[in-house]
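The following exercises are to be worked through with the sequence and the model at hand. Each task is followed by a solution in steps.

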Amino acid sequence: MIKFCSLYSGSSGNSIYLGTENTHILVDAGVSGVRIANALREINENPEDVSALLVTHEHSDHVKGAGIFSRKYNVPIYAREKTWNAMRRELGKLPDYNIRIIEKDYFTIGDIEVCNYSIPHDAADPVAYTFYVCNKKISIATDIGCLTEDIYKNVIGSDIALIESNHDLDMLKNGRYPLPLKQRILGNNGHLSNVNAAAFVTELVRNGTSNIYLGHLSQENNYPELALEATRCALAECGFDIKKDVHVCVASREHYSEVIQL
Ligand SMILES: [Zn+2]
Ligand SMILES: [Zn+2]
């Protein structure tokens, strides 16, 4: 059995749980170690049982609590080498045995096979993850400036996909962010808008994905209702009803979201 849950998601901090009976993985730790431990307990998981923490990239909303969580619960952290170089100072001192450098596209943690692949984002060497576990495929792809062939190829066919739906284009364009920041977010190495997420989600659903989380929403330039509505409309145009054909939810910024068990 697989259990999947977004503990926290958004520009203010990200952490996602994926586990089986034997293996318990976190993807990112971008809020405090205490908040991650609390959210795990709330979904009936024990922070002591976490087998690995996988990092997507070094931005603070993904690693803020990583060092503390690793030290407190003796959890190895996995990241690519350039990401390690970029985040080491923020993580603080860690024993060598908890520093794991990802060198291969595929590797295994317990009974979960992990695939990592590059994504376009303004970080040292950012990745998205796809997991193969109990004959299911689960993907987490956030902080993506644009959709690439690589992302598409890896995420398509997932049973569960957590996809970035970062901003509403009008809110961002008319909002108070300074122009260079707006350009950064809109650029090919920035973040995925609601409409782009909706188009991607539609492609995924067409190819059989039945559980979608819209995640990494901007606090400033989005509302959960807007993200959901963009995806609902895109799906409806292709004849899919989000009440019947596919389960879509917005991953919350403040607390854990719906737990999916497959
Ligand atoms: Zn980022
Ligand atoms: Zn982020």
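## Two metal sites

In sequence, the residues that supply donors to the zinc ion (ligand 2) have the spacing D-H-x80-D-x72-H. The model examined here is a predicted one.

**Exercise 1.** Identify the protein donors of the zinc ion (ligand 2) and classify the arrangement of the site.

*Solution.*
Step 1. The donors are Asp61 (OD), His62 (NE2), Asp143 (OD) and His216 (NE2), at 2.1 to 2.2 Å from the zinc ion (ligand 2).
Step 2. The angles among these four donor atoms run from 90 to 166°. A tetrahedral site would require all angles to lie between 85 and 135 degrees.
Step 3. The site of the zinc ion (ligand 2) is therefore classed as irregular.

**Exercise 2.** Carry out the corresponding analysis for the zinc ion (ligand 1).

*Solution.*
Step 1. The zinc ion (ligand 1) has as protein donors His57 (NE2), His59 (ND1), His121 (NE2) and Asp143 (OD), which lie 2.2 to 2.5 Å from it.
Step 2. Along the chain, these donors follow the spacing H-x1-H-x61-H-x21-D.
Step 3. Because the four donor atoms subtend angles of 90 to 172°, the arrangement is irregular.

**Exercise 3.** Which residue bridges the zinc ion (ligand 2) and the zinc ion (ligand 1), and which parts of the chain does it help to join?

*Solution.*
Step 1. Asp143 is the bridging residue, and the two zinc ions lie 3.4 Å apart.
Step 2. Asp61 belongs to helix α2, whereas Asp143 belongs to the loop between β10 and α5; the pair therefore ties together parts that are 82 residues apart in sequence.
Step 3. Asp61 has a relative accessibility of 13% and so counts as buried. Asp143 is also buried, at a relative accessible area of 0%. The donor His57 is likewise buried, with a value of 0%.

## Two sheets

**Exercise 4.** State the strand order of the open sheet that contains β14, and explain why β6 and β14 are edge strands.

*Solution.*
Step 1. The order of the seven strands is β6-β5-β4-β3-β2-β1-β14, and the pairing is mixed.
Step 2. β6 (99-102) and β14 (260-261) each have a single partner strand, so one side of each is left without a neighbour in the sheet.
Step 3. Within the sheet, β3 (residues 24-27) pairs with β4 in the parallel sense over three bridges. Val27 stands opposite Leu54 in β4.
Step 4. Helix α4 (residues 81-91) packs on the sheet, where it touches β5 (77-80) and β6; its direction makes about 130° with that of β5.
Step 5. Helix α1 (residues 33-42) lies across β1 (3-8), β2 (15-19) and β3, and runs at about 140° to β1.

**Exercise 5.** Describe the open sheet that contains β10 and the helices that pack on it.

*Solution.*
Step 1. This open sheet has seven strands in the order β7-β8-β9-β10-β11-β12-β13, with mixed pairing.
Step 2. Its edge strands, β7 (106-109) and β13 (247-250), each pair on one side only.
Step 3. β10 and β11 (residues 160-164) pair in the parallel sense over four bridges. Ile140 stands opposite Leu162 in β11.
Step 4. Helix α8 (residues 194-206) packs on the sheet and touches β11 and β12 (211-215), with a direction at about 165° to that of β11.
Step 5. Helix α9 (residues 224-237) packs on the sheet as well, touching β12 and β13; its direction makes about 155° with that of β13.

## Salt bridges

**Exercise 6.** How far apart in sequence are the partners in the salt bridges of Lys3, Arg80 and Glu229, and are these residues buried or partly exposed?

*Solution.*
Step 1. Side chains of opposite charge can pair when their charged atoms come close. The count of salt bridges comes to eight.
Step 2. Lys3 forms a salt bridge with Glu45, with the closest N and O atoms 2.9 Å apart. Lys3 lies in strand β1 and Glu45 in the loop between α1 and β4, 42 residues apart. Lys3 is buried at 11% relative accessible area, and Glu45 is buried at 13%.
Step 3. Arg80 forms a salt bridge with Asp125, the closest N and O atoms being 3.1 Å apart. Arg80 is in strand β5 and Asp125 in the loop between β8 (112-118) and β9 (127-133), so the pair ties together parts 45 residues apart in sequence. Both Arg80 and Asp125 are buried.
Step 4. Glu229 forms a salt bridge with Arg232, at 2.8 Å between the closest N and O atoms. Because they are three residues apart in helix α9, Glu229 and Arg232 are separated by about one helical turn. Glu229 is partly exposed at 35% relative accessible area, and Arg232 is partly exposed at 33%.

Technical notes
Residues are numbered from 1 along each chain as its sequence is written. Chains are lettered from A and ligands numbered from 1 in the order in which they are written. This is a predicted model: local features need pLDDT of at least 70, side-chain atom pairs count only at pLDDT 80 or more; totals for chains, interfaces and linings use all residues. Side-chain values use heavy atoms; hydrogens and water are left out. Donors are N, O and S atoms within 2.8 Å of the metal (3.2 Å for Na, K and Ca); water is not among the atoms, so sites may look incomplete. Four donors count as tetrahedral if all angles lie between 85 and 135 degrees; four count as square planar and six as octahedral if opposite donors are over 155 degrees apart and all others between 65 and 115; anything else is irregular. Buried means under 20% relative accessible area, exposed over 50%, partly exposed in between (1.4 Å probe, protein chains only). Two strands pair if DSSP finds at least two bridges between them. Contact means heavy atoms within 4.5 Å. Axes are lines fitted to C-alpha atoms, for helices over the stretch in contact, and angles run from 0 to 180 degrees between N-to-C directions. A salt bridge is a side-chain nitrogen of Lys or Arg within 4 Å of a carboxyl oxygen of Asp or Glu.
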